[in-house]
Amino acid sequence: MPVTKTQLLLPSTIQLLRFPFSFFLMPIYWFALSQVAEANIFHALLVFMILHLLVYPASNGYNSYMDRDTESIGGVQHPMQPSRQLLYTTVLMDSGALVMSCFISLYFALGIALYILVSKAYSYRGIRLKKYPFAGYITVILFQGIVTFGLIYHGCSADKTLRVPALAMTASGLLIGGFYPLTQIYQHDADLRDGVKTISYRLGYRGTFVYCGIVYTIALLVLAFYFFSTLQAKAFYVFSLCMLPVIACFLIWARKVWHNNIYADYSNTMRMNLIASLCTNIAFIIIFIINRLE
C-alpha cells in the first residue's frame with residue numbers, strides 16, 4: 001500500500017509498533033521513579049517519552065519486521081505484514097531516543113544504546129537470542145527489568161546518582177521474570193514453526209504456571225524485604241493489596257489451563273496481561289504519591 005501525502009505512516013507500521021504494549025512495561029518506570037529521593041521532573045518526563053514512545057515501540061516494530069507474524073502477537077490479535085517502512089521507522093525512533101538520551105546523561109545514553117543493541121540481537125535473524133529458551137529469558141529479565149530500573153532511577157534522579165538500590169533492581173527483574181513466560185504460553189505452536197523454543201514451551205502449560213507462581217512469590221518476598229528495610233511499610237501494604245486481583249486472576253486461569261490447554265489462548269493471556277499491568281501500575285503510582293507527600 002503506497003503512502004499518500006496525508007498518510008505519512010502505513011497502517012501496518014502504526015499497528016506493529018504496538019504503542020499500547022508499552023503500558024505492560026510501565027510498572028518498572030513507576031517503581032523506579034517512586035524510589036528516587038529527589039527527582040528531576042523534566043528528566044523524568046523525558047525518560048518516560050524515550051522509553052515508552054520510542055525505545056519500546058521501536059523494539060516491538062523491529063521484532064515484528066523480523067518475525068513477520070501471521071498469528072496473534074502481544075497486543076495485536078490480527079497482525080498485518082510489515083513493510084520496509086517499519087524498519088526505517090524503527091531506526092529513526094531509535095536514533096531519536098539516543099539523541100534525547102544525551103540530554104539526560106552520558107551514562108543514560110550508553111545504557112539506552114546497549115538496550116537497543118540487545119533488543120535487536122534478541123530478534124535479528126543472524127543472532128536471534130529469542131530462539132534460545134534460557135538465553136532469551138535471561139536477556140529479558142536483565143534488560144526489561146534490572147537494567148531498565150537502573151536507567152530510570154539514574155535518569156530521573158536530580159543528582160544523576162549511580163548508586164541504584166540493588167534489591168529494588170533484583171525485584172524488578174523477578175517481577176518481569178515471574179510474568180514473562182505467561183506472555184508466551186499461547187504461542188507455542190507458532191514459535192516452534194519459526195524455530196523458536198521459548199522458556200514457556202520448555203516448561204509446558206502447567207509448568208509455566210507453577211514456575212511463574214514461584215518466581216512471583218520470590219519477587220514479593222524480595223519487595224517485602226526491600227520496603228521494610230527502607231522503612232516503606234506502607235508501600236508494601238499498598239502493593240500487596242493491589243496484587244490481590246492479579247493473584248485471583250492468575251489462580252482462576254491456572255485452574256482452567258490445568259484441566260484444558262485450550263484456555264492457554266490469546267484472549268486469556270491479554271486479559272492476564274492487562275489486569276497485572278493495571279494493578280501493578282496503580283500500586284507503584286500510589287507508592288510514588290505517598291513517598292512524595294511524606
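Trainee: Which helix gives the largest share of the lining of the second largest pocket?
Mentor: This is a predicted model, where local features need pLDDT of at least 70 and side-chain atom pairs count only at pLDDT 80 or more, while totals for chains, interfaces and linings use all residues. Residues are numbered from 1 along each chain as its sequence is written, and side-chain values use heavy atoms, without hydrogens or water. A pocket is an open set of points on a 1 Å grid over the protein atoms alone, where a 1.4 Å probe fits, with protein on both sides within 12 Å along at least five of seven lines; lining residues have an atom within 4 Å of a point. The largest share here is five residues, and the helix (a DSSP run of H or I, at least four residues, numbered from the N terminus) that supplies them is H10.

Trainee: Which residues are closest to the centre of the second largest pocket?
Mentor: The second largest pocket has a volume (the space filled by probe spheres set on the points) of about 180 Å³. It is lined by 13 residues, and the closest to its centre are Cys212, Gly213, Tyr216, Ile247 and Phe250.

Trainee: Which elements give two or more residues to that lining?
Mentor: Two helices reach that count, and they span residues 199-229 and 244-259. They are H10 and H12.

Trainee: How are H10 and H12 oriented to each other?
Mentor: Their axes, lines fitted to C-alpha atoms over the stretch in contact, come within 9 Å and cross at roughly 155°. Angles run from 0 to 180 degrees between N-to-C directions, and those over 145 count as roughly antiparallel. H10 and H12 are therefore roughly antiparallel.

Trainee: Which residues of H12 meet H10?
Mentor: Contact means heavy atoms within 4.5 Å. On the H10 side are Tyr205, Arg206, Phe209, Val210, Cys212 and Gly213. Their partners in H12 are Phe250, Trp253, Ala254, Val257 and Trp258.

Trainee: Are H3 and H5 roughly parallel or antiparallel?
Mentor: H3 covers residues 41-67 and H5 covers residues 106-123. Their axes lie 9 Å apart, at an angle of about 20°. Angles under 35 degrees count as roughly parallel. H3 and H5 are therefore roughly parallel.

Trainee: Which residues of H5 make the contact with H3?
Mentor: H3 contributes residues including Val47, Leu51, Tyr62 and Met66. The H5 side consists of Phe108, Ile112, Tyr115, Ser119, Lys120 and Ser123.

Trainee: What separates the C-alpha atoms of Asp69 and Ala39?
Mentor: Asp69 sits in the loop between H3 and H4 (84-101). Leaving out residues up to four places away in sequence, Asp69 touches Ser64, Pro79 and Gln81. Ala39 is 30 residues from Asp69 along the chain, and their C-alpha atoms are separated by 40 Å.

Terms used:
Angles under 35 degrees count as roughly parallel, over 145 as roughly antiparallel, 65 to 115 as roughly perpendicular and the rest as oblique.
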